[in-house]
Amino acid sequence: MPQGSQLYARDQALALRAAGAEVTLFCYGTGSGPEPPGLPLVRIPRLLTPRRVRAGPSPGKPIADAALAARLVRAQRAGRFDLAIAHNAEAALTALCVRAGTGLPVLYVAHTLLGLELSSYARPAHRPALNRIGRWLDRTLAARADGVLALSSEAAKQLGREARGPLAVIPPGYDPAPTPTPGEIARTCARFGLEPGRFALYAGNLDAYQELGELAEAARRLAPLPVVVATQQPEGGAPSPLRVLRQIGFEEGRALGFGAAVAVLPRRIPGGFPIKLLNYMEAGRAIAAHAGVADVLEHDREAWLLPPGSGASELADAIGSLANDPARASRLGRGARAALEARFAWPPLAERTLALCREVLAGGNRS
């Protein structure tokens with residue numbers, strides 16, 4: 001199964017197509033999960049696809065990106081596309097190289113702020129240098145792209161200082177699926193030895209920027225309440241006493257989300273939009289998160305947001321308070337679900353994205 005960034009790119013492409021755009025998806029030669037229905041795909045050869053396709057730097061990615069650039073140049077010389085919507089930094093760099101030879105405009109979809117996240121993939125000694133590289137990449141991509149789609153207000157604030165073209169904040173969308181039945185939720189929880197409504201859940205990858213160390217420290221303060229990590233990854237660890245459930249399928253993950261007492265987002269790094277936040281909102285769970293990461297939600301109405309400077313103690317207090325106050329947890333869960341339905345439906349977000357695309361193509365002023 002793909003991670004949140006890939007799901008967002010897929011769903012955005014499908015939503016743009018539903019809104020009337022002709023969309024072709026350029027991607028690596030291998031992947032997991034079903035192909036997007038009805039979307040033309042252009043893949044590079046499997047041999048050139050890196051083995052590691054998770055977030056973060058990888059030695060094989062530059063070769064794969066060069067192959068993607070070659071495929072896009074070939075297609076563009078046939079006059080196929082009006083605009084390249086480039087997801088994340090690697091795709092933006094690739095598309096900018098293609099623009100140099102073809103003139104194809106580039107809309108950079110900034111999934112994160114590299115000046116804050118890039119160093120999380122390195123050892124402490126290398127982090128200052130990577131922070132500088134990340135800040136340079138943030139400035140360079142914003143300045144060279146023909147437009148920027150930011151996922152959060154913090155990204156817009158940082159990138160807007162350099163952006164030469166139109167910039168808009170448009171979060172990812174989400175179309176809720178039918179709710180799992182109580183029986184399905186109970187059976188999934190029982191399979192992992194969990195009782196519905198009696199555990200806290202983090203769902204997502206195990207990368208360092210997710211701050212699972214802080215979540216583990218909070219979990220020590222919360223015993224005996226289980227704090228569960230549900231991930232699709234087959235390997236990678238999380239500190240004790242977090243309980244890691246590996247290779248969790250999509251439907252299993254949804255059922256666990258609907259069965260949790262509290263959904264937790266320990267990440268501190270702002271600039272992106274965690275797709276897991278939309279999953280939590282769909283499940284109508286009480287969400288405990290840092291304000292800088294979940295600032296699209298209102299504190300004590302749609303989530304419990306920790307103020308700046310909060311640490312493991314405050315995170316534990318938030319999780320424990322919500323787990324022990326079902327009335328408040330239910331109220332926040334209903335608020336989160338209402339926010340999802342009111343502000344994150346794909347059709348209006350796709351229309352806003354197409355409006356930004358038209359502004360980029362017109363060479364309009366920043367918005």
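## A guided tour, starting at Ala323

Select Ala323 to begin: with a relative accessibility of 22%, this residue counts as partly exposed, because buried would mean under 20% and exposed over 50%. You are looking at a predicted model, so keep that in mind as you go. Ala323 belongs to helix H11, which covers residues 312-323. Now show what touches Ala323: setting aside neighbours within four places in sequence, you will find contacts with Leu225 and Val262. Then jump to Glu90, whose C-alpha atom is 40 Å from that of Ala323, with the two positions 233 residues apart along the chain.

**Stop two: the sheet**

Next, switch to a cartoon view and colour the strands. In what order do the six strands of the open sheet lie? Reading across, the order is E9-E8-E7-E10-E11-E12, and the pairing is parallel. At the edges sit strand E9 (243-245) and strand E12 (304-306), each of which pairs on one side only. Neighbouring strands of this sheet are turned against each other by 25 degrees on average, ignoring direction.

Zoom in on strand E10 (residues 262-265) and strand E11 (residues 286-290), a parallel pair joined by four bridges. To see one partnership, pick Ala263: its bridge partner in E11 is Ile287. Now add helix H8 (residues 212-222), which packs on the sheet. Helix H8 touches strand E7 (200-203), strand E8 (227-230), E10 and E11, and its direction makes about 150 degrees with that of E8.

**Stop three: a covered helix**

Select helix H10, residues 275-283. How many of the nine residues of H10 are buried? Eight of them are, so the helix is mostly covered, given that buried means under 20% relative accessible area. Among the buried ones are Ile275, Leu277, Tyr280 and Met281, and the list also includes Lys276 and Glu282. Show the surroundings and you will meet the packing partners of these buried residues: helix H1 (4-18), E7, helix H9 (250-259), E10, E11 and H12. Step just past the end of H10 to reach Gly284, which has a positive phi, near 65 degrees.

**Stop four: charged pairs**

Side chains of opposite charge can pair when their charged atoms come close. The model has a count of 17 salt bridges, and here are some to visit.

Select Arg267 and Glu117, whose closest N and O atoms are 3.4 Å apart in a salt bridge. This pair links distant parts of the chain, 150 residues apart: Arg267 is in the loop between E10 and helix H10, while Glu117 is in helix H4 (residues 114-117). Are these two buried or exposed? Arg267 counts as buried because its relative accessibility is 7%, and Glu117 is buried too, at 8%.

Move on to Glu195 and Arg198, a salt bridge with its closest N and O atoms 4.0 Å apart. Here both Glu195 and Arg198 are exposed.

Now bring up Asp300 and Arg331, whose side chains meet in a salt bridge at 3.2 Å, N to O. Asp300 lies in the loop between E11 and E12 and Arg331 in helix H12 (residues 326-343), so this pair ties together parts 31 residues apart in sequence. Asp300 counts as partly exposed at 27% relative accessibility, and Arg331 likewise at 32%.

For a last stop, select Arg99, Asp146 and Arg164 together: these residues are linked in a network of salt bridges.

Conventions: Residues numbered from 1 in each chain as written. Predicted model: local features only at pLDDT ≥ 70, side-chain atom pairs only at ≥ 80, totals over all residues. Heavy atoms only, no water. Pairing = 2+ DSSP bridges. Helix = DSSP H or I, 4+ residues; strand = E, 2+ residues; numbered from the N terminus. Axes fitted to C-alpha atoms, helices over the stretch in contact; angles between N-to-C directions. Contact = heavy atoms within 4.5 Å. Buried < 20%, exposed > 50% of the residue type's maximum accessible area, 1.4 Å probe, protein only.
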